[in-house]
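Reader: I should like to go through this model with attention to its cysteine links and its strands. Could the discussion proceed by question and answer?

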Amino acid sequence: MYRSTVFIAALLLSGCTVNKTPVPVKSNENAGVVRLGFDKSPLQNAKVDTFVALSAASHQCQQWGYVSALPYGEPIKTCSVTSGALCLSQHVTMEYQCQGAGMEKYVREEIVVE
């Protein structure tokens with residue numbers, strides 16, 4: 001009876017979907033790469049609003065003088081807390097590549113021609 005209760009509880013919890021809002025982590029202006037990340041528990045299914053994430057990445061790129069951002073590669077998952085072989089908390093990082101050069105990039109730098 002105990003095993004079936006634990007199995008059913010694990011099955012129900014594994015179906016939980018949690019909305020996550022990624023926040024900027026390490027970004028690189030020179031390479032034009034924006035990284036957004038969030039933490040995820042082992043029994044959670046994380047759902048990220050791709051429009052919100054893309055908007056945040058594009059906003060950062062525009063502050064650097066680029067036009068927009070595009071998703072780059074697959075999300076990078078790293079285990080941040082372990083207990084033996086079990087991962088208790090996972091950090092997910094999504095990368096975006098800045099695209100295009102807006103006029104702001106050229107206006108920020110003054111060029112002196114003699």
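The exchange below takes up the disulfides and then the sheet.

Reader: How many disulfides does the structure hold?
Author: The model is predicted. One disulfide joins Cys61 to Cys98, and Cys79 and Cys87 form another. The number of disulfides in the structure is therefore two, given that a disulfide is counted when a pair of cysteine sulfur atoms lies within 2.5 Å.

Reader: How many residues apart are Cys61 and Cys98?
Author: A disulfide with an S to S distance of 2.0 Å joins Cys61 to Cys98. The pair links distant parts of the chain, with Cys61 in helix 2 (residues 50-64) and Cys98 in strand 6 (residues 86-101). Along the chain, the separation of Cys61 and Cys98 is 37 residues.

Reader: Is the link of Cys61 and Cys98 left-handed or right-handed?
Author: Both cysteines of this link, Cys61 and Cys98, are buried. The angle about their S-S bond is -80°. The link of Cys61 and Cys98 is left-handed.

Reader: What is the angle about the S-S bond of Cys79 and Cys87?
Author: The sulfur atoms of Cys79 and Cys87 are 2.2 Å apart, and the two residues form a disulfide. This link is right-handed. The angle about its S-S bond is 120°.

Reader: Why does Cys79 count as partly exposed?
Author: The partly exposed class lies between 20% and 50% relative accessible area. Cys87, the partner of Cys79 in the disulfide, is partly exposed with a relative accessible area of 23%. Cys79 falls in this class because its relative accessibility is 38%.

Reader: What is the pairing when the bonded cysteines are numbered in sequence order?
Author: The bonded pairs are Cys61 with Cys98 and Cys79 with Cys87. Numbered in sequence order, the bonded cysteines of the protein have the pairing 1-4, 2-3.

Reader: In what order do the four strands form the open sheet?
Author: The pairing in this sheet is antiparallel. Strand 2 (23-24) and strand 5 each have a single partner strand, so one side of each is left without a neighbour in the sheet. With these two strands at the edges, the order is 2-3-6-5.

Reader: How many bridges join strand 5 to strand 6?
Author: Strand 5 (residues 66-83) and strand 6 run antiparallel. The two strands form a hairpin with two residues between them, and Gly84 in the turn has a positive phi of about 70°. Strand 5 and strand 6 are joined by 13 bridges.

Reader: Which residue stands opposite Val34 in strand 6?
Author: Strand 3 (residues 33-40) runs antiparallel to strand 6. Eight bridges join these two strands. The residue of strand 6 opposite Val34 is Tyr96.

Reader: Which residues make the nonpolar surface patch of about 240 Å²?
Author: One of its members, Val81, is found in strand 5 and stands opposite Ser89 in strand 6. A patch member needs over 30% relative accessible area, and Val81 is partly exposed at 39% relative accessibility. The patch is made by Val81, Leu86 and Leu88.

Reader: Is Val92 buried or exposed?
Author: Val92 lies in strand 6. Leaving aside neighbours within four places in sequence, its contacts are Leu36, Gly37, Phe38, Pro75, Ile76 and Lys77. Because its relative accessibility is 5%, Val92 counts as buried.

Key:
Residues are numbered from 1 along each chain as its sequence is written. This is a predicted model: local features need pLDDT of at least 70, side-chain atom pairs count only at pLDDT 80 or more; totals for chains, interfaces and linings use all residues. Side-chain values use heavy atoms; hydrogens and water are left out. Buried means under 20% relative accessible area, exposed over 50%, partly exposed in between (1.4 Å probe, protein chains only). Two strands pair if DSSP finds at least two bridges between them. Patches are made of residues with over 30% relative accessible area and no salt bridge: like charges are joined within 9 Å, nonpolar side chains (Val, Leu, Ile, Met, Phe, Trp, Tyr) within 5 Å. Accessible areas come from the Shrake-Rupley method with a 1.4 Å probe; for residues, only the protein chains shown count as cover. A salt bridge is a side-chain nitrogen of Lys or Arg within 4 Å of a carboxyl oxygen of Asp or Glu. Contact means heavy atoms within 4.5 Å.
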